[in-house]
Amino acid sequence: MNQPMRGYPDRSGRCSLLLAAGLLMLMAVLFLRPSAAGASTPNLNQLEVGVDSYFLFTLDYEVPADSTANKIRVQVYSLTGDELQFTETYTSYSPGSHQSRRLYTPLSPGAYKLRVTTYNNLVTPDPDNPASPGDIAVTVYDNHGSGYIISPGDRTLQVPVTLWSKSGLQAGIPIEIEVMGGNEGFYSYASFLSSAAEGGAQYSGLPPGYYRIVIPAFAADGIQYGEESQKLRISEEADDLIISSFELSPENLPTQLEFEDTDLEAGYISGEISWEAPQIDEDTIQEYRVYFENAAGAKLDSVPLVAEPVNLDQYGYYWIEVLRAIVPEGAAWLQLYIWDGVNEQRTPAVVKLWDVPVIPDAHLEDDSPASHVISPLAVWPKARAESLFAAYVISRAGQYGSESEIVARIPAANADQYSYGLPQITAAGLTEAYQGYYLGVELEDGTLGPVQVPLLLADRLAIDGALPEPLPNPYSEAGFSYAAPQNVTFLDTDPVDGQIGGLLTWTNEEIYNTPTAFDIYFMDSSNQVVGSLARIFYDRWVFPDAQRPTVSYRIPDHTPVPDGAVTIGIYTRVAEYTSTVPGTVGIQERGGLASLIVTPGTMSPAFSTGTLSYTVTVPSYADAVEVQAAGNQAATALSINGIIASSGVSKTVLLNPTSQVTVIPVDVYSASGQNTEYSITVVKGTPAPVSLELGSLSLSAASVAFDPAQKEYSVAVTGSVYDITVTAAPSDNRAVLNINGTQTGHKTVHLTEGMNVITVTVSSPNEGESGSDTYRIYVYRAFSVDDPVSTDLAGLSVTPGTIHFDKNTLYYSLSVPAGISAVSVTAAVYDLRAEVEMNQQPFISPQALELETGLNLFAITVKDPNNAANYKVYLLSITREDTAQESPVRQAIRAATGSEPGAKIRLDALMQFLNSPSSRQDWNGDEVFNADDLSVILQETDPYFIVPASS
C-alpha cells in the first residue's frame, strides 16, 4: 500500500539539506481536501494524495460498497494558467475496497491542482460529454487555493559527448532529454538543449526516476552521424552525480572493434578480429587494415590477416582471422584503418590489446581443513600488463551458461601476490547445476576485460577415506566406460620429508558426458587407494569452447603423504559413477634441508625445512662465516655459495668486504629435478661511532695529569730544553691521530723561547662520520734573563664563539645571539714574564665577561712590567644581537621549529628546517635558490648557535 508521505525521505549523506528538504516535502505532502463542498468525490471516500520518493503523486482512497463507478480519471493542471499537464485514467471494479494508485507521469517543480472524475464508462463513454450529469462526479482539489507543490529534485545528470571526427571534440551538439515514467515506457515531456562548449550537457534539479537521453541524427564536419540513445534509472539511493557518456561515430566508418587473443604464449597474439560494418558509403572502401598502436596512438607494426575476403555475418559484423604475430614493444591497442585505393584513414574502431594468458596460475584453494566444507580462497600472482586495468574481478558463472555475476572487485595494487576469500560452501549441497567462478579484470572505464580465467572449487580432504571408493560405470563392459584423465603432471614444491604441495594438472578426456567432478586419491604401487586428497567440482560452462581443457588443482604445501603412497590418481566422476581407471602421476618428493647452522652469528627465524630465507647477524668485524647444511631423504646433492658441498660438513664463506650484506645461496637437488633454493642473508652489525676521545698523553720533558675530559694543558720548561716529545694514543683504535698536523702518535716538536702551542687532533676515518676533537698543550720555554720581554699573545679564544687567532692580528670581532648574555675569554701569553690587563684591570684566564645588547668592546693589553713603553693591545669586539633584529635566516628557523627568540636552537630543529620548504628561499639576493643560499644558512648558524638534539 502506498501511504501518503508526511516527511522528506531519509537520505544518507545529505544531513546538511535536512531542514530545507523537510520544509519542501511538508509542502508537497499535504493531505488533499476538495475546495468544493463535501470532503470526498461521489463514489470515493476519504481520498488522499501524497508525493512519493520519486516525486510522483499517489492516490489513497476507499471505494464505497454501493459505488456504481468503474473509472477514475485524474487530470493535473498547473495552479495558475490552467494548462493541462497530463491525464491518467484507472479502472475501479472493487466496491467496498481500499485502493492505492501512483500517477506515473513526472512533473516539473511547481504548484498544481487535481481534477478527479468518477464515472461508469458503460453508461458514459465520454466523461467530457455525459448523457446525464448524474452519471459522473467531478471535484477539483487545489489545497484551498495554495496548490500542491512538487519540489525540485536534488540529483544532477551529466551527459558528456565525444564526437569522432577529423577535428576532434565538437560543441553545439543538439541533445534531447526525455523523462520516461515508470515501467510503462511513455514520456511525459521532452527538453531540447545544446551541449556546452566542452561537448556535453548538464541537467540539475532532477528527482529519482527513469530517463531516456536521445541525440538525433545530424551531420557535422561533412560526416553523417546516426541517432544514439541511452536509458538509465536514477534510484533513490544513487549518488548525486549520475554520468552517462556518449561516443558518437560516423555512419560511413567501421566501429566496435573486438579481438580475443587465443595464443597462450606471452608476446604473441592470434585469433579472430571483428568490427561493425559501416552503415553507409561502404563502396568507397577497398581494403581494411589493422595496426598495433602504442598508448599515445602512434602506429607500430601491421597485424597480419588471412589473405581472404572478410566475412559479413547476419548482425552486420565483419570477421577475419589474425595470423600469429609478435607483439611489438610498447603496443597497447589494435586500430582498424581503411584504404580507398589512394589514402589510408584511421577509424573509430579500436580495442585494447590483451596478450593472454593475462593471469597465469590463478586458482581456488580450500581454506577449510574440514572434509566436505569448502572455504574457497582465490589466489593469483600479479598479472602481466597490470597497468592497463583498475581492478581484478571475481565473477560467478551463470547457470547453464547465462551471464555471470560479479561478486568481488580487488583493486590492482602492484602486489606480487593476491588472494580473496569467497563464501563458505557445503560440498554435499553441490549438484550438477553448480556454477563455478572466474577471475578477470576491470578496465579504467569500468568495462570488463575480454579474458576470464576459470576457477574450479576444490574440497580439500583429510586422508582418512573421506572420498567414497571409485565406482566404475556398471555398463563399462558394454563400452560405456567414462574416460580417465590424461596428461597428468605434478611438481612438488614442499621440501619437507613426507609432505607434498604444488600444481597438479590434467586434461579432461570425457567429451561425451559432462563430468561433475574429479576425485583425487593417493594410490599404492598396485593402484589401490590409500588415502583421499581432494574432489574438484567441474563446471562445464567454464570451458564452453574446449573439447579437452586442461584442469588444475594446487595441492597445499605440507600435505602429508600416507604410508605406501607412490602415485596420485585422478578419477573422472559423472554423477555417482567414476572412470574405470585413474589418470596417474608418480610422487617424487622435492629435496630440502634437514638442518642448517651458521657460525658465528644469530640466525632468524629458527631453522625449519619449509622456511627458505634466513637472516644472520654477525659482528661488524667478521670477515667470514661457517655454513653447515645437511640434506633430507629426498635430497641427492647440495651446494653452498655455488660450490658443491658434502651434507653435514661445514664450509667457510668469505663475506663481502665492501658491503654490510652478503647473500649466501644454498641449493638442494633431488631426483624429481626440482631444486630447492635456500637463502642466507648475512648482515654485519652496525659498528658504534668512532670515539673522538684521547686515551693517553705524555711529554718527554714535563709531566701532565692527563684527563680525557680536559682539552688544554700548560707546562713550563727551562731555556735549556730545546725539544719536547709528545706521545699520545686514542681511546678507540679506529680513530686517526694527528700531532701538529702529522698523522702519528709520537712526535718531537722543536721549542722556541716563549709559548709553544702543540695540537693533538682525534678524528674518524669513516665516511659519513664528520667532526674531530682537539687537545692543546701550551709549552712555555723560559727566556734568557737578557732577552727583552715579548708582549705577544700565544692564544686567544672566546666561548661560545669562533675567532681565528694570529699573534700579529690585533683586532677581532664576532656576534652572538641575543640569548648569549656572557662569554668566557681565554688568553695565553707568549712570555710568562709579561702582564695582561683587560680594560685596564688585571686579567686572569679564563675570564667571564658580561655582555650588553649591542656592541661590547674589550681591550686586552700585554705589557712589559719593567718597561712601560713595551706593550701591545689586542681589541676584541663582541656584538650581542637584539632579539627584535635577529637575522631573517634565524627568524625563519625559529618560525619553522618553534624555538624561542634569543635561545639556542637544537641540532635536530636545524635539520628539520633544512629539509623543509621554508629553507628553499633566496637568502643572498640573487633571486634564485641554490648552494649559495645554503652557505648563508650555515654561516648564520655558527656552532655556538646550536645545541645537541638531546639538550
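This report covers selected local features of a predicted model.

## Cis peptide bonds

Most residues other than glycine have a negative phi, and most peptide bonds are trans. Two exceptions on the peptide side involve proline. Threonine 599 is joined to proline 600 by a cis peptide bond, with omega at about -5°. Proline 600 sits in the loop that runs from strand 45 (593-599) to strand 46 (602-604).

The other cis bond links serine 845 to proline 846, and its omega is about -5°. Proline 846 belongs to the loop between strand 66 (841-842) and strand 67 (847-850).

## Asparagines with positive phi

Asparagine 641 is not a glycine, yet its phi is positive, at about 55°. The residue lies in the loop between strand 49 (635-640) and strand 50 (643-645). Asparagine 641 counts as partly exposed because its relative accessibility is 37%, a value between the 20% limit for buried and the 50% limit for exposed.

Asparagine 740 also has a positive phi, of about 50°, although it is not a glycine. Its place is the loop between strand 57 (736-739) and strand 58 (742-743). With a relative accessible area of 31%, asparagine 740 is partly exposed.

## The sheet around strands 57 and 58

The two strands that flank asparagine 740 are members of an open sheet of five strands. The strand order is 55-61-60-57-58, and the pairing is mixed. Strand 55 (712-717) and strand 58 are the edge strands, each pairing on one side only.

Strands of a sheet pair through backbone hydrogen bonds, either parallel or antiparallel. Strand 57 pairs with strand 60 (residues 754-763) in the antiparallel sense, over four bridges. Within this region, valine 736 has serine 763 of strand 60 as its bridge partner.

## A negative surface patch

Asp922, Asp926, Glu927 and Asp932 together form a negative patch on the surface. One of these residues, aspartate 922, is located in the loop between helix 3 (907-914) and helix 4 (931-940).

Aspartate 922 has a relative accessibility of 32% and therefore counts as partly exposed. Patch members need over 30% relative accessible area and no salt bridge, and the 32% of aspartate 922 fits the area cut-off.

Key:
Residues numbered from 1 in each chain as written. Predicted model: local features only at pLDDT ≥ 70, side-chain atom pairs only at ≥ 80, totals over all residues. Heavy atoms only, no water. Patch = residues over 30% accessible without salt bridge, like charges linked within 9 Å, V, L, I, M, F, W, Y side chains within 5 Å. Areas by Shrake-Rupley, 256 points an atom, 1.4 Å probe, with all protein chains shown as cover. Salt bridge = Lys/Arg side-chain N within 4 Å of Asp/Glu carboxyl O. Lys, Arg positive; Asp, Glu negative; His and termini not counted. Charge placed at Lys NZ, Arg CZ, Asp CG, Glu CD. Buried < 20%, exposed > 50% of the residue type's maximum accessible area, 1.4 Å probe, protein only. Pairing = 2+ DSSP bridges.
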